[in-house]
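Here's a quick tour for anyone meeting this structure for the first time. Have a look at it below, then read on.

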Amino acid sequence: MHSTPVTYRRIVAIALLVIAANILLPLQGLVDTAIMGHFPDPAYLSALGLSAAAFALLYASLNFLQYATSGLSAQALGNGDHGKIQRILWRALIIAALLAGIIIAAQAPIVRLAQWYFNANQHTGELIAEYMHTRMWGAAFELGIYCTIGWFAGQSKTVYLLIQQAILTSANIVLSLLLVYGFDLGIKGVALGTVFANTLAFSAGIVMVVRHQRQHQYHFLRPDWARIFRWTEIRAVLGLNRDLFIRTTMLVLCMSWFQRMGNQLGETILAANVILLWLLTIASYALDGIAVAAESLTGQSIGANDRQQLRNVIRRTTIASITAASLLTIIYALAFPHYLHLMTDIRDVARIAVEYRWWAILLPLAGVGGYLTDGYYFGATAAAPLRNAMLIIAMITLPLTWLLTHQFGNDGLWLAIYVFLLLRPIILAPRLKHHLYP
């Protein structure tokens, strides 16, 4: 297949739209956090932070729906097979629906497990249960969005991705504000706003999928069911999804472990860390823009069997990522006082956040290598090394976090977060060439 040259203009064209879409994603969570942060009782803010961590562990563990769909569709596009591109999305949506059914059926034990895992007190635990039980009813739509986002990203259709994310974020913000302040539903209103917003965004995504497929003379709503359920293709997808599931579960287990250890330091420190860790979330979504460009262009280069283009992808996306991480760090340093004022007016929480601010401000530089190497491996659908690396990182990070937190308090917790971020490129980068050029 003929390959389109990889230029900085092309990387930026993909990345900027993804960055815009990804910046919108944490914005909805930031607004939810700000709403709870202005309640007089810090238990609301703590409950929202712990609930978000629980959903990160639950839903982000299923992010293989996005990553597998993205890598597979990128390679299919590089090979010019639009029928296969359609089948990839249908399989992902079927798996998402099955998983959503399991989540809804098992919601009671899932909530109890979250309350136990985060060692929540009675009041915070009740708020966690109220939020989680409500939000789980939108599981099918939330997981379905993972599928469509991955499908759009793999084909570099980042305009569609941005439109879907804009609908999700704007609807979530408006509905959360309306349900909390207009209908006085408290933390349940925040959860309901998320459910309704995901429903609208998923529906819009499917409309865009149907229109896009028509351009290539394919009817998405009349798929080739026989080929979708062909066992040889299903088996390959299940193997890829299994490895990515293990990888992502270990990743979010580490992130939730940081929240759990922070909870042991006290509710005020936990609330401050919730605000500071949003800077990591924002950085991850921003840097993920270039990582998605690296992922889609890597997959397309492999599908077209173009090694020179693949080398250009690696060189130019690396330069772009380091530049973006440096700019983010500067922005964080300059804007932190304004960010903190926006996020909370609880004096003790703000004081602790200021004390530990530099740990958070430098996060983009610490995390950039991990996001980028993940992008290359996703594009190559090389899931096994990602799985193995994250298992190693989890075995190191979990006990190390416990030790450092008990020895040095919140500074030890933040040091463990840095170890976690830096281990990813240290382990994955040396074997990158082997997996991209088999």
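How do the residues lining the second largest pocket divide into nonpolar, polar and charged? Keep in mind that this is a predicted model. The lining of that pocket turns out to hold ten nonpolar residues, no polar ones and no charged ones.

**The second largest pocket**
- There's about 240 Å³ of space in here.
- Its lining includes Ala 54, Leu 57 and Leu 58, along with Trp 116, Tyr 117 and Met 132.
- Helix H2 (42–59) and helix H5 (107–117) each chip in at least two lining residues.
- H5 gives the largest share of this lining, with five residues.

**The largest pocket**
- This one has a volume of about 370 Å³.
- Helices H1 (8–37), H12 (267–303) and H13 (307–343) are the elements that each give two or more residues to its lining.
- H13 supplies the largest share, eleven residues.
- Of the 20 residues in the lining, Ile 23, Ile 282, Leu 328, Ile 331 and Tyr 332 sit nearest the centre of the pocket.
- By class, the lining has 18 nonpolar residues, two polar ones and no charged ones.

**A look at Thr 69**
- You'll find Thr 69 in helix H3, which covers residues 64–78.
- Thr 69 counts as buried because its relative accessible area is 3%, and the cut-off for buried is under 20%.
- A polar atom of the Thr 69 side chain lies 2.4 Å from the backbone oxygen of Leu 65.
- Leaving aside residues up to four places away in sequence, Thr 69 touches Phe 64, Ile 88, Ala 92, Cys 147, Gly 150 and Trp 151.

Notes:
Residues are numbered from 1 along each chain as its sequence is written. This is a predicted model: local features need pLDDT of at least 70, side-chain atom pairs count only at pLDDT 80 or more; totals for chains, interfaces and linings use all residues. Side-chain values use heavy atoms; hydrogens and water are left out. Helices (H or I, at least four residues) and strands (E, at least two) are DSSP runs, numbered from the N terminus. Buried means under 20% relative accessible area, exposed over 50%, partly exposed in between (1.4 Å probe, protein chains only). A polar contact is a pair of N or O atoms within 3.5 Å; within protein, one must be able to donate a hydrogen and the other to accept it, and residues adjacent in sequence count only if both atoms are side-chain atoms. Contact means heavy atoms within 4.5 Å. On a 1 Å grid over the protein atoms alone, a cavity is a set of points where a 1.4 Å probe fits but cannot get out, and a pocket is an open set with protein on both sides within 12 Å along at least five of seven lines; lining residues have an atom within 4 Å of a point. Grid points are joined across faces, edges and corners, and a volume is the space filled by probe spheres set on the points. Ala, Val, Leu, Ile, Met, Phe, Trp, Tyr, Cys and Pro count as nonpolar, Asp, Glu, Lys and Arg as charged, and the others, Gly among them, as polar.
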